[in-house]
Amino acid sequence: MENYFDIVKTAVKAIDSKRGSDIEVIKVNDITVLTDYFVIATATSNTQLKAIADEVEFKLSEQGIEPHHTEGRTSEWICLDYVGVVVHVLLSNSRDFYQLERLWEDGEKIDIDEFLVKE
């Protein structure tokens, strides 16, 4: 089994490399059986949304890790399910509407500053 936190790190770095914003990682294994971590990020356009999702898939695929399931390739929200890690990339209006962070606010927010490129 992959180390789920390694998947989180790779996903965060891939999102950051494509200039995804407001990246949040929430550890939810104590409050749901759905997954261990949610990675949530915002894209500013459909083009960027697809580029971020493609980069996450590419970088994890390089490590031999393939998504169990993907959703939303033609919408404002792409979900990449890696079983222990679920990556949500949303356009800002969808992120504001669904407020996933509020839904999972009982989870543990993970500090990801060390994975982000400093400008």
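**Close-up views of aromatic pairs and salt bridges**

**View 1. Tyr 37 and its partner ring.** Let us start with Tyr 37, which is buried, its relative accessible area being 10%. This is a predicted model, and five aromatic pairs are counted in it. In the pair shown here, the ring centres of Phe 5 and Tyr 37 are 5.9 Å apart and the planes meet at 55°, so the pair is tilted. Phe 5 sits in helix α1 (residues 4-17) and Tyr 37 in strand β2 (residues 37-43), so look for two distant parts of the chain, 32 residues apart. Unlike buried Tyr 37, Phe 5 counts as partly exposed, at 26% relative accessibility.

**View 2. Phe 38 with Trp 104.** Here the ring centres are 5.0 Å apart and the planes stand at 40°, so Phe 38 and Trp 104 make a tilted pair. Phe 38 belongs to strand β2, while Trp 104 is found in the loop between α4 (100-103) and β6 (108-109). The two residues are 66 apart along the chain, and their pair links distant parts of it. Are these residues buried or exposed? Both Phe 38 and Trp 104 are buried.

**View 3. An aromatic cluster.** Stepping back to Phe 5 and Tyr 37, you can now add Phe 115: these three residues form one aromatic cluster.

**View 4. Lys 109 reaches Glu 24.** We turn to charged side chains, with five salt bridges in the structure. In the one between Lys 109 and Glu 24, the closest N and O atoms are 2.9 Å apart. Because Lys 109 lies in strand β6 and Glu 24 in strand β1 (residues 21-27), the pair ties together parts that are 85 residues apart in sequence. Lys 109 is exposed, with a relative accessible area of 55%.

**View 5. Lys 50 and Asp 54 along a helix.** The salt bridge between these two side chains spans 2.8 Å from N to O. Both residues belong to helix α2 (residues 46-62), and because they are four residues apart, about one helical turn separates them. Lys 50 is partly exposed, at 42% relative accessible area, and Asp 54 also counts as partly exposed, at 32%.

**View 6. Glu 62 and Lys 59 in helix α2.** This salt bridge has its closest N and O atoms 3.9 Å apart. Glu 62 and Lys 59 are three residues apart in helix α2, about one turn of the helix. Glu 62 is exposed, with a relative accessible area of 52%, whereas Lys 59 counts as partly exposed at 30%.

Notes. Residues are numbered from 1 along each chain as its sequence is written. This is a predicted model: local features need pLDDT of at least 70, side-chain atom pairs count only at pLDDT 80 or more; totals for chains, interfaces and linings use all residues. Side-chain values use heavy atoms; hydrogens and water are left out. Rings of Phe, Tyr and Trp (its six-membered ring) pair if their centres lie within 6.5 Å; planes under 30 degrees apart count as stacked, over 60 as edge-to-face and the rest as tilted. Buried means under 20% relative accessible area, exposed over 50%, partly exposed in between (1.4 Å probe, protein chains only). A salt bridge is a side-chain nitrogen of Lys or Arg within 4 Å of a carboxyl oxygen of Asp or Glu.
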